[in-house]
Amino acid sequence: GAHLWLGPQSDVAVKDGKALLKDLPDGEHELIVQAAAYQPFTTRVTVKDGRGNAEVRLVALKGALAVKARPGTVVTAVDAAGRETRLGSVPATGSLAVENLLRIGAYTLKLEHAECATVSQPIDLPVGRTLSIAATQVPLPGELRIFSVPTGAQVTVNGKSGGATPATLRDQPS
């Protein structure tokens, strides 16, 4: 997906990582190589007797992300190929900042917390600004077991009868 500019030749597509340019005049020329989501590369190339060469390695742009979630939430980014990158755990402040770890582009964020349902959220990490995400995490239902001595005590939770002890109340908010 890269394109290059060299001497009188401009916007030449690079195919399979290589470009062969012909009919360049002798002398020193500026070489510019650009590709989406990569830092532009610029250097000087000397052409003598119609020959010259340059090796270019583009550096991927990396983005910044701020995730607000329940403390202890583990945040993972999954790229289009299914590769996972663990970004970290949300600290007690409730906000996880991630910089220069992920390349610019599309991901699915996975937020996992022991007390909440897993959240999957698609994102597109932009160039030049921090992407802020505020996750809505739904607590998993819990189970409440109540015992008493003597048994047979009446149980009421939030105004609803739960039967007599020993009692097991399912689907309680955690």
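Asn100 is found in strand 8, residues 95-103; strands here are DSSP runs of E with at least two residues, and helices are runs of H or I with at least four, numbered from the N terminus. Although Asn100 is not a glycine, its phi is positive, about 55°. Asn100 counts as exposed because its relative accessibility is 56%; exposed means over 50% relative accessible area, buried under 20%, and partly exposed in between, with a 1.4 Å probe and protein chains only.

A word on where this comes from: the model is predicted, so local features need pLDDT of at least 70 and side-chain atom pairs count only at pLDDT 80 or more, while totals for chains, interfaces and linings use all residues. Residues are numbered from 1 along each chain as its sequence is written, and side-chain values use heavy atoms, with hydrogens and water left out.

Asp16 is another non-glycine with a positive phi of about 55°. Asp16 lies in the loop between strand 2 (9-13) and strand 3 (27-34), and at 80% relative accessible area Asp16 is exposed.

Next, the cis peptide bonds:

| Bond | Omega | Place of the proline |
|---|---|---|
| Val149 to Pro150 | near -5° | loop between strand 12 (141-146) and strand 13 (154-157) |
| Thr165 to Pro166 | about -5° | loop between strand 14 (160-164) and strand 15 (167-173) |

On to the overall build. The protein has zero helices and 15 strands. With a radius of gyration of 29 Å, well over the 16 Å that the globule rule gives for 174 residues, the protein is more spread out than a compact globule; the radius is taken over C-alpha atoms, and the rule is 2.2 Å times the number of residues to the power 0.38. Along the principal axes, the C-alpha atoms fill a box of roughly 100 × 30 × 20 Å. Of the 174 residues, 30% count as buried.

One piece of the fold is an open sheet of four strands in the order 2-1-3-4, with antiparallel pairing; strands pair if DSSP finds at least two bridges between them. Strand 2 and strand 4 (41-47) are the edge strands, each pairing on one side only. Strands 3 and 4 pair antiparallel over seven bridges, and Ile32 stands opposite Thr42 in strand 4.

Then there's the packing. The largest nonpolar core has 19 residues, and those with the most contacts inside it include Leu65, Val75 and Leu109. A core here is a set of buried Ala, Val, Leu, Ile, Met, Phe, Trp, Tyr and Cys residues joined through side-chain atoms within 4.5 Å. The elements giving two or more residues to this core are strand 5 (62-68), strand 6 (74-79), strand 8, strand 9, strand 10 (119-125) and strand 11 (130-134). A second, separate core of 11 residues includes Leu4, Leu6, Leu31 and Val45.

Leaving aside neighbours within four places in sequence, Leu109 is in contact with residues including Leu65, Val67, Leu87, Val119 and Ile133, where contact means heavy atoms within 4.5 Å. Ala106 sits in strand 9 (residues 105-112), and at 52% relative accessibility Ala106 counts as exposed. Not counting residues up to four places away in sequence, Ala106 touches Asp79, Ala80, Ile123 and Asp124. From Ala106 to Pro141 the C-alpha to C-alpha distance is 32 Å, with their positions 35 residues apart in sequence.
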